[in-house]
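Work through the exercises below with the sequence and the 3D view open. Try each task before reading its solution.

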Amino acid sequence: MKLSLRHLPVRFLRHREGATIIEFAIVAPIFFLLILGIIEFGLILFSSVAIESIVMMASRTASLGATSNAAMPACNGSATTADFIKCYVKQRGAGLINGGAISVVAVPYTGGAPAAPVLPDVCLDSGTPSSAPDTCTQYMEVNSIPHYQGQNDPLVTQSNAGTGGQLVQITAYYPWKVMIPFVSQYFGCHDTQNTPGCAPGVIMITSSTIVKNEPF
C-alpha cells in the first residue's frame, strides 16, 4: 500500500515538537565557532600588547649595557647584555600561554643597516661552532642533517646588544598556535627560514623596537 502526505492526519503534518532542538543543532556549531574566534582573537591582541610592552622595557634596560636589574633578579649575572635581554623577556612573558616559546634577537646596526645573518653550522669533530670548512670533516645543520658548510643552511641572526652609542634592534617572536578547530590550517607563518618558531597553523606575534645605546 502506497502512502502519500494526503493520507496522513493533518495534526501529524502540523506537529512541531522537536523542531527547536533540530534548529539548535544546525546553528550551534557556527555560534560556538564564532564565540571561540572572538575569545582567541582577544587573547592574540592581549598577547601582542603584552609582548610589545615587554620588549620596550627590555630595550630601555639594555640601552644602558646592563647585565642585571634589581627588578629582575632572576636574570642578574647574565654573561652579556644580549643574554640579559633574552632572560628578561622570557621572565616577563612567562605568564602568557606558551610563554616559554618566546625567542628574542638583538641586532646592532652597522653602517645604517642591521648585521647580516650567519650560517649556524656546528663542527662535528669538536662540537663547537666553526666558520672554516677545512677545520672539520663534516658539519651538522640545526635540523640535524649532516653536510658541509654552505649547503641548505638556514640563515640565523646572532644576538648582539652592540656597543655604547650604537643603534640596536630588539625583536621578540611569540608563536601562537591557532586553537580554533577547522580553521587553523588557514593561518600560520610560512617564512620558516628566517623566522624562529615559524610553522603552519602558528601566528607569529612579533614586536620590534630600535634603541640607541647610552655611551657606556
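**Exercise 1. The core**

Leaving aside its neighbours within four places in sequence, which residues is Ile-85 in contact with?

*Solution.* The model is predicted. Start at Ile-85 and skip the neighbours within four places in sequence: the contacts are Ala-58, Ala-62, Val-104, Ala-106, Ala-161 and Ile-170. Next, place Ile-85 in the wider packing. The largest nonpolar core has 27 residues, and Ile-85 is among those with the most contacts inside it, along with Ile-51, Val-89, Ile-102, Ile-170 and Tyr-174. Then ask which elements build this core. H2, H3, strand S1 (103–110), S6 and strand S7 (202–212) each supply at least two residues. H2 gives the most, with seven residues. The general rule is that in soluble globular proteins, nonpolar side chains tend to be buried together.

**Exercise 2. The sheet and its helices**

Find the strand order of the open sheet of four strands, then place the helices against the sheet.

*Solution.* Step one: the order is S2-S1-S6-S7, with antiparallel pairing. Step two: find the edges. Strand S2 (113–114) and S7 each pair on one side only, which makes them the edge strands. Step three: look at the pairing of S1 with S2. These strands are antiparallel and share two bridges. Tyr-109 has Pro-114 in S2 as its bridge partner. Step four: add the helices. H2 lies across S6 and S7 and runs at about 155 degrees to S6. H3 also packs on the sheet, where it touches S1 and S6. The direction of H3 makes about 145 degrees with that of S1.

**Exercise 3. The disulfide**

Which cysteines does a disulfide join, and why is the disulfide left-handed?

*Solution.* Apply the cut-off: the sulfur atoms must lie within 2.5 Å. Cys-75 and Cys-87 qualify, with S to S at 2.1 Å. The count comes to one disulfide. Now take the torsion about the S-S bond: it is about -85 degrees, so the disulfide is left-handed. Locate the two ends. Cys-75 is in the loop between helix H2 (19–62) and helix H3 (81–92), and Cys-87 is in H3, so the pair ties together parts that are 12 residues apart in sequence. Both cysteines are buried.

**Exercise 4. Two loop residues side by side**

Classify Gly-165 and Gln-166 as buried, partly exposed or exposed, and list their contacts beyond four places in sequence.

*Solution.* Begin with position. Gly-165 is in the loop between strand S5 (146–147) and strand S6 (167–177), and Gln-166 lies in the loop between S5 and S6. Buried means under 20% relative accessible area, and exposed means over 50%. Gly-165 has 36% relative accessibility, so it is partly exposed. Gln-166 has 19%, so it is buried. Now the contacts. Gly-165 touches Lys-212, Asn-213, Glu-214 and Pro-215. The C-alpha atoms of Gly-165 and Lys-212 are separated by 6.1 Å, although the residues are 47 apart along the chain. Gln-166 touches Pro-108, Tyr-109, Thr-110, Val-211, Lys-212 and Asn-213. The side chain of Gln-166 also reaches the backbone oxygen of Tyr-109 at 3.0 Å.

**Exercise 5. A positive phi**

Where is Asn-98 placed, and is it buried or partly exposed?

*Solution.* Asn-98 sits in the loop between H3 and S1. Its relative accessibility is 45%, so Asn-98 counts as partly exposed. Finish with the backbone: phi of Asn-98 is near 60 degrees, a positive value in a residue other than glycine.

Notes: Residues numbered from 1 in each chain as written. Predicted model: local features only at pLDDT ≥ 70, side-chain atom pairs only at ≥ 80, totals over all residues. Heavy atoms only, no water. Buried < 20%, exposed > 50% of the residue type's maximum accessible area, 1.4 Å probe, protein only. Contact = heavy atoms within 4.5 Å. Core = buried A, V, L, I, M, F, W, Y, C linked by side-chain atoms within 4.5 Å. Pairing = 2+ DSSP bridges. Axes fitted to C-alpha atoms, helices over the stretch in contact; angles between N-to-C directions. Polar contact = N/O pair within 3.5 Å; in protein donor to acceptor, adjacent residues only side chain to side chain.
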